Number of protein chains: 2
Amino acid sequence: MLRTHTCGELRIDNVGEEVILTGWVQRLRDKGGMLWIDLRDRYGITQLAFDESISLPQVLAQARSLGREYVIKAIGRVIERESKNDRMPTGDIEVRVGKLEVLNEAKLPPFLIEDETDGGDDLRMKYRYLDLRRAPVRHNLELRHRMMREVRNYLDHHYFIEVETPVLIKSTPEGARDFVVPSRMNPGEFYALPQSPQTFKQLLMVSGFDKYYQIVKCFRDEDLRADRQPEFTQIDCELSFVTQEDILHTFEGLIRYLFEKVKGIHMGPLPRMTYADAMRFYGSDKPDIRFDMRFVELNHVVKGKGFKVFDEAELVVGINARGAAGYTRKQLDELTDFVKRPQIGATGLVYARVNEDGSIKSSVDKFYSPEDLVAWAAAFDARPGDLLLVLAGGRDKTRKALNELRLEMGKQLGLRDKDVFAPLWVVDFPLLEWDEDTQRYHAMHHPFTSPKPEDLELLDDRPGEIRANAYDMVINGVEVGGGSIRIHDRRLQEQMFKTLGFSRDEAYAQFGFLLNAFEYGAPPHGGIAFGFDRLCSLFGGSESIRDYIAFPKNNSGRDVMIDAPSPISNAQLDELHIRMRH
Amino acid sequence: MLRTHTCGELRIDNVGEEVILTGWVQRLRDKGGMLWIDLRDRYGITQLAFDESISLPQVLAQARSLGREYVIKAIGRVIERESKNDRMPTGDIEVRVGKLEVLNEAKLPPFLIEDETDGGDDLRMKYRYLDLRRAPVRHNLELRHRMMREVRNYLDHHYFIEVETPVLIKSTPEGARDFVVPSRMNPGEFYALPQSPQTFKQLLMVSGFDKYYQIVKCFRDEDLRADRQPEFTQIDCELSFVTQEDILHTFEGLIRYLFEKVKGIHMGPLPRMTYADAMRFYGSDKPDIRFDMRFVELNHVVKGKGFKVFDEAELVVGINARGAAGYTRKQLDELTDFVKRPQIGATGLVYARVNEDGSIKSSVDKFYSPEDLVAWAAAFDARPGDLLLVLAGGRDKTRKALNELRLEMGKQLGLRDKDVFAPLWVVDFPLLEWDEDTQRYHAMHHPFTSPKPEDLELLDDRPGEIRANAYDMVINGVEVGGGSIRIHDRRLQEQMFKTLGFSRDEAYAQFGFLLNAFEYGAPPHGGIAFGFDRLCSLFGGSESIRDYIAFPKNNSGRDVMIDAPSPISNAQLDELHIRMRH
């Protein structure tokens, strides 16, 4: 090594030692006779000292000539600092430098390499290699490494075997859009990049691998919303001879283990909620249960008093924002504007304040007597100081809108602390989802999900009511993972494809290998996949997965640092038997 | 779980317990009143027993109806076996079955699911999910998992941080051919799949990550020779502030750690050999040093005796095949045919036998006196019973041919035991290689490799003589890894691109981001990458990397199981702005 120690290593015990440090010039303070440099590497910062009375004049001059981010090698003796800095682990010492070597010069970076930087998003992405020097960004990737290691420790300990599945696979139109790769050796044919190793992990179960995992890159060519990446990483798992209960138990164990190891948070057993309850009480299949504020349905309380909006509504439903009775008229108007935004689409907001004296003041006093409002308050279990917020309309749409309002109120009332973690399982998802556009059913998870045996009889007549052996793990309102017990019976799988509108030929063209495999002794099996980028960002307390990816792409799927994608040569196109369409 | 125990778990201590096992029917032996089934899962095989005198008649009938590879669940009591089988860990017990459930039926597999199978390569690849059930194949993938875990343990312990680099990157014509991915969102542009994360890991060094690793899929669209895969896995590493010595030390440590942990083989420090010596003594930059049989150059011994073939040759060079003097005329003729094959291309083979009485009989006795031949024998340090094999011709070609002959003799004499491991470092590779076809220099490793500082002065006049700070790890004649100290100076990197025939524009179009990064404080750095598939096959004692890949592709780059690549729809082509060229 060019160094004897890292910049995070020296302590008071090292005083007197001759050391060699290497790193980047973080900061330079020149006080005339004395000069200090903060030298930085991955492990920390150590202060270098240059003293007119001791250092050779040329070394001092050399130090003075250094710029920010120069890479240097400094040889010197560790001494105790006169004014210690207890905010840094190396703060008790400094290195009195006798010899200095510039290993590489540096132009002035386009933004500050500090925890708080002056660089905008675009600039930092273009110079991602400089952004990655900043401690908060590096800490994110260190967290990611740690998470990866602990996930592997847990799964290795539970006898999972890591198997790499192929990246160059076959395109299947079901689901999201594939990225494809033209084959040079097979003209006119394409590989696809996997959206997930779903079929391969099921084949591994047919092979008897019993417990499989992989931390694996997956790919989806979707229009990118903020915080979606064309390539992303999954913790992908599958097990044989299990029930849903076994899977929930195993992976609840993983999540609790991670919180324990990585965050030092001890967690009890995780709560579970049916999909039906999640929709009914939170208007979402990924409820944020860091705070309560459950939906209260009011049809039986509010109807028949002459208020047309409520009388005609399929559902009248509200939340109790505890302690928010002090909201001003202006704040309430803003909430009304919030729910009326087109993305949310409510037609209006009704509110009722429970005053300190117990009296209730609503925005619909014209229709509801004080006694009526007492009944409202009772339904909400409201106390003085509470604010009741009520929406009305079609059931699904109103629930969805109230979910948004609930989350907003949670935010405004400080109930969504990023250092508080509230995971839960959402279970009993519907198997199928009716799609108005295509006028057919879609698989809610994917076509390999097993229906609950007791619901199977509904398959012909009321398929929309079948519940699946499917489950999601939700943390703080974010879906971090999901899975299901799979179909392992060929006939049932064929029937499922039929229900989903696949012709027999289509099903076999795309998934024939899996249907065939099911004829040779497929065990009962099931699994789960976690979005690893998302899990890391959640553990790190960030809303952005990009912060946890070393080299992310922007919303147009571009890597602006390397400038990809980019045109390729005509010779390359020719070899691949393709040309551009103009 | 549907089971209480696995099929590899029950021992004599479990006798008397009521257990539930699940698995596949491996074999069924019906002796009339008694019937046994070998039940198999990933963990082992357990014998199930059905006894007319105890089991219910319908259970016996049910057992009798089972076929190979049926998936069943058996409930019963563990009993001690009458005739124990000490070749299997569960051989002391069997399970007397009281209740049986068929979890899935199975068609008769197209080949035997046994250690030795009757299935040909093509059939086993098409039904890879069945091939993977066979114990030897599963053991290969278990070895791979174990290797992966131990690699991570070692590198984690040495403070390496695992960072995932992107899969969708930019096409760079240098090196092998890229797989490319058309971008839907950026019409006319393509991503490329990485041949290695080379530039990204160098950028991570610029970012100060100090020690990076990743076990990562890489891609090369090359014509596939036997045992080359379009997608393969690398252990990819890079370190900052290191010398070549540090890297050799660290990764020699990794290899020794792996041999210790995975094979139980303790290994001392690894030998090193310069590229020049490897070529001179073994005719190869990846010598198999499990056996000696070094090249002996004979120009000074054999020239000037009137044998034109030797007199006119640039190099006369031979090997001593110890103890092979008993080779028959027929065997020697076969060796001559071997070296004259077009792939090897020698014009002939000269041999000399050292008889038991010390006399020497050569195929060129016409030209060489007994005294001459004694001088030959001395050069080879030959003893009675040895066979000397000599080739002559142009230097490089003759060395190459003799390398093949040496390996062949090693094989014939049983000196290449797959359970013996002889790793070494080959160092001091040439930086550049002259390419006759394109009439220009190519980078022997890649364009980022650093020349040895002391050879830099040769860059303008004799670039072919420059040695690089580059190294390969070779085990048993197989290159398992290689790397180099990188260039970290922008000017030197620019000069290197120029020497390699890149125009300034070309260099910047392809590697501008790296050249730019070098201006912002790039530390001295270097690294290495190991071919992980190859390393696994070597540890497993196989010549084929396919055996260590769960779902490999064939020589046409096809996955015959899922039938990929395959045509895609016109709608997909349209979205990607491409069409097929006819």
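**Figure 1. Around D221(A) in the predicted model.** Let us start with a single residue and the company it keeps. In this predicted model, D221(A) touches R177(A), D178(A) and F179(A) from its own chain, along with R184(B) and L576(B) from chain B, leaving out residues up to four places away in sequence. D221(A) sits in the loop that runs between β9 (211–219) and β10 (231–240) of chain A. With a relative accessible area of 2%, D221(A) is buried, because buried means under 20%.

**Figure 2. Positions that UniProt lists as "binding site".** An unreviewed UniProt entry gives this label to R220(A), D221(A), E222(A), Q229(A), E479(A), G531(A), F532(A), D533(A) and R534(A). You have already met one of them, D221(A), in the loop between β9 and β10 of chain A. Another, R534(A), belongs to helix α15 (residues 532–540) of chain A.

**Figure 3. A closer look at R534(A).** Is R534(A) buried or partly exposed? Its relative accessibility is 23%, so R534(A) counts as partly exposed. Setting aside neighbours within four places in sequence, R534(A) is in contact with D227(A), V478(A), E479(A), V480(A), E543(A) and I545(A). Among these partners, E479(A) also appears in the UniProt "binding site" list.

**Figure 4. Where chain A meets chain B.** Each side brings residues to this contact: 122 from chain A and 122 from chain B. About 11200 Å² is buried between the two chains, and carbon and sulfur atoms give 59% of that area. Three residues to look for here are E164(A), F241(A) and Y520(A), which supply 8% of the area that chain A buries against chain B, more than any other three residues.

**Figure 5. Salt bridges and polar contacts between the chains.** How many salt bridges are counted between chain A and chain B? The count is 18. In one salt bridge, the side chains of R144(B) and E164(A) meet at 2.6 Å, N to O. Polar contacts between chain A and chain B join 77 residue pairs, with both residues at pLDDT 80 or more. Helix α4 (residues 135–157) of chain A gives the most to the side of chain A that touches chain B, with nine residues.

**Figure 6. The domains of chain A.** To place the earlier views, it helps to know how chain A is divided: domain 1 covers 12–104, domain 2 covers 138–273 + 423–429 + 472–534, and domain 3 covers 291–412. The C-alpha centres of domain 1 and domain 3 of chain A lie 63 Å apart.

Technical notes:
Residues numbered from 1 in each chain as written. Chains lettered and ligands numbered in written order. Predicted model: local features only at pLDDT ≥ 70, side-chain atom pairs only at ≥ 80, totals over all residues. Heavy atoms only, no water. Domains from an automatic or database assignment. UniProt positions renumbered as here; feature names shortened; annotations may be inferred. Helix = DSSP H or I, 4+ residues; strand = E, 2+ residues; numbered from the N terminus. Buried < 20%, exposed > 50% of the residue type's maximum accessible area, 1.4 Å probe, protein only. Contact = heavy atoms within 4.5 Å. Buried area = accessible area lost by both parts, 1.4 Å probe. Salt bridge = Lys/Arg side-chain N within 4 Å of Asp/Glu carboxyl O. Polar contact = N/O pair within 3.5 Å; in protein donor to acceptor, adjacent residues only side chain to side chain.
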